[in-house]
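User: Could you walk me through how some of the helices pack in this one? I'd like to go pair by pair.

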Amino acid sequence: MSTTNNPADTHASVRQIHHFIDGQYRASERWFDKRSPINHALIAQVAQASRADVDAAVRAARAALSGPWGQLSVAQRVDLLYAVADGINRRFDDFLQAEVADTGKPMSLARHIDIPRGAANFKIFADVVKNVPGEYFEMTTPDGAGAINYAMRRPVGVVGVVCPWNLPLLLMTWKVGPALACGNTVVVKPSEETPQTAALLGEVMNAAGIPRGVYNVVHGFGPDSAGEFLTTHAGVNAITFTGETRTGAAIMKAAADGARPVSLEMGGKNAAIVFADCDFDAAIEGTLRSCFVNCGQVCLGTERVYVERPLFERFVAALKEGAERLRPGHPEAADTSIGPLISQEHRNKVLAYYRKAAELGATVVTGGGVPQMPDDLRNGAWIQPTIWIGLGDDSPIAREEIFGPCTLIMPFDTEAEAIARTNDNLYGLSTAIWTNNLARAHRVAAAIEVGIAWVNSWFLRDLRTAFGGAKQSGIGREGGVHSLEFYTELKNVCVKL
Ligand code: NAD
C-alpha cells in the first residue's frame, strides 16, 4: 500500500507510522508497537521494514540522483532547503507533539531545542554550501606553459543515515541537512523508539518541492532489521551514524564491505572539571543542566564531575539542592522540568547502574531510585536524578556510559591530576571546564582528549564549528564546512595550459 498522504494523520484509535519511500507513505507486512515513555500506553504501530522495503528506498534514492534533483544548481538546492526549514517551522506544533509523544520530554525543552534546531539544520548547511570557497593552485611545468588545478565538490551518492532516540529530529536533520545541501539523497533509519518526526518530515519534503526519492525513511530495529539491511546494502555509498559505540563498531564492519566511508558520532563518559576559582553559581547551573537535561540522555552530558577539593562539599550540597528541585511530570505541565527515560528497557539498564553504585559502596547524595508518580503516569519510565560520591575512577560508575540522569562527583587536588583523570577513559566526546583563570582554561582545554571542550559553558553550539568525538566517541567531524568532507567527494581538475 502506498499513499502520498501521511497515514499518521488519520484519526484511527492507534495511529500507524509508515515508511516514506520515493515521495510516498508505505505500509509493511510487519509492524511493531511504539509505547509512550510517560505511561507505557500504546501510541502507534510502526511499519517494520523488510529487506525489500529497504531495497526499494535505496533504489528510489539512487534513481533520484539522476533525476531532477541531480540537475539542480546550488542556488536552487539552497532555496529548497530553506523551504524545508520554513515548512518545519510552519508545522512547528505538529513536530512538537510528535517529538514529545515519542520521547516524553518536557514540551518546554523540545520547543526550545529539538524543533528549532531541527529547522535550523537545513538553513545552516544551505548557507555553508552556498558560501564555501573552492581550491585553486597554479603550477609550473617543464615547458614553461604551466598548469592550473581546481577542486570541485560532488555528492557521494546515496547516504544511509542511522539515528538514535535522544534528540530525534535534531540529530537526524544534523545529517540530512548537509547531505541534501551537498546534493546527495538519503535513506534514514530513525530509532525504533522515535519514528514520528522522521516520518512527518516526509510531508514537509513533499510540500517544499523536494523531488521524490531524495528523502526516504525506513523504520525498524538494528540487527537483522532495517538498520542492518540499510548499512549492508551495496547501493548505499556512505553511512552516517549517531548512537552507541558498540553499534558504531558493527556499522563500521558492515561498511568495510565495499570500502564505504563512515561518519560515527558515538558514546561518551564526559567529565566536568570545576576549579575552586570558578564562578560558583554558573558552574552549578551549567553542571545541573549537563547532568540532568533531557533526563541525562544527552551524548554530551556530564556523568563524572571533578571538583577541586576546597570547593567539594559546597559544590555537592548545591548540586543536590538543584537536583531535588527538578520536577517530573506531564510534558505539557509548565512546572515539569524532567521527563522519563525513553523506555522501560533503558530504565532497567540505568537502574542496574544505580544498584551497582550502591553495591560498590557509593554514598547516594540524592535519588537512587524511582520517583512516586500519580496514577496516570505510574507505568512510565520515570527515574530519580541521582548524585553519588565516594567512588573512584576505577569503578564502572566512573568509566561506563550510563546515559541517565546521574553523576559521580569526585574531589581533586591539582590541575595535572584533573587532566590525567579526565583523560583516563576510553571515550573522548566533551568536557566542561569551570574556572575564572584564563590561562588555566586554555591550558586544560588543550590537554584534554576530547572533540569538544567547553569553558564556563555547556551545550553552547555554533553550528559552523566542528562536532565529533575523540577516541571511542567518534570518527570524523560534522558541522559547518567539516560536514562537506564527508558528504562530498572532492575532485581535483588539473588543466595543462
Ligand atoms: P543505539 O546505538 O542503540 O542505536 C542507534 C541506532 O542504530 C538506532 O536507530 C538503532 O536501531 C540502530 N542500530 C542498532 N544496531 C544496529 C546495527 N547492528 N546495524 C545498524 N543499525 C543499528 O543508540 P541509542 O540507544 O539509540 O542512542 C544512545 C547512544 O547514542 C548513546 O551511546 C549516546 O552517547 C549516543 N549518542 C551520541 C551522540 C554523539 O553525537 N556522539 C549523540 C547522541 C547520542
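**Helix packing**

Analyst: In this predicted model, the axes of helix H10 (residues 280-292) and helix H11 (residues 312-325) come within 10 Å and cross at roughly 50°. H10 is therefore oblique to H11.

User: And which hand does the crossing of H10 and H11 have, left or right?

Analyst: H10 passes H11 in a right-handed crossing.

User: Which residues meet there?

Analyst: From H10 they are Phe280, Ala283, Ile284, Thr287, Leu288 and Phe292, and these meet Arg314, Phe315, Ala318, Leu319, Gly322, Ala323 and Arg325 in H11. Sorted by class, the contact of H10 with H11 has nine nonpolar, two polar and two charged residues.

User: OK, switching to H3 and H7, at what angle do their axes cross?

Analyst: The axes of helix H3 (residues 74-90) and helix H7 (residues 196-208) cross at roughly 130° and come within 9 Å, which means that H3 is oblique to H7. The contact is made by Leu80, Ala83, Val84, Gly87 and Ile88 of H3, together with Leu201, Val204, Met205 and Ala208 of H7.

User: How do the residues of that H3 and H7 contact divide by class?

Analyst: They divide into eight nonpolar, one polar and no charged residues, and the crossing of H3 and H7 is right-handed.

User: Last one, where does H5 bend?

Analyst: H5 bends by about 35° at Arg117. As for its span, the 25 residues of helix H5 (residues 107-131) should cover 36 Å at 1.5 Å a residue, and the end C-alpha atoms are 35 Å apart, so the two values agree.

Technical notes. Residues are numbered from 1 along each chain as its sequence is written. This is a predicted model: local features need pLDDT of at least 70, side-chain atom pairs count only at pLDDT 80 or more; totals for chains, interfaces and linings use all residues. Side-chain values use heavy atoms; hydrogens and water are left out. Axes are lines fitted to C-alpha atoms, for helices over the stretch in contact, and angles run from 0 to 180 degrees between N-to-C directions. Helices (H or I, at least four residues) and strands (E, at least two) are DSSP runs, numbered from the N terminus. Angles under 35 degrees count as roughly parallel, over 145 as roughly antiparallel, 65 to 115 as roughly perpendicular and the rest as oblique. A crossing is left-handed if the near helix is turned anticlockwise from the far one by less than a right angle, and right-handed if clockwise. Contact means heavy atoms within 4.5 Å. Ala, Val, Leu, Ile, Met, Phe, Trp, Tyr, Cys and Pro count as nonpolar, Asp, Glu, Lys and Arg as charged, and the others, Gly among them, as polar. The expected span of a helix is 1.5 Å times one less than its number of residues. The bend at a residue is the angle between axes fitted to the seven residues ending there and the seven starting there.
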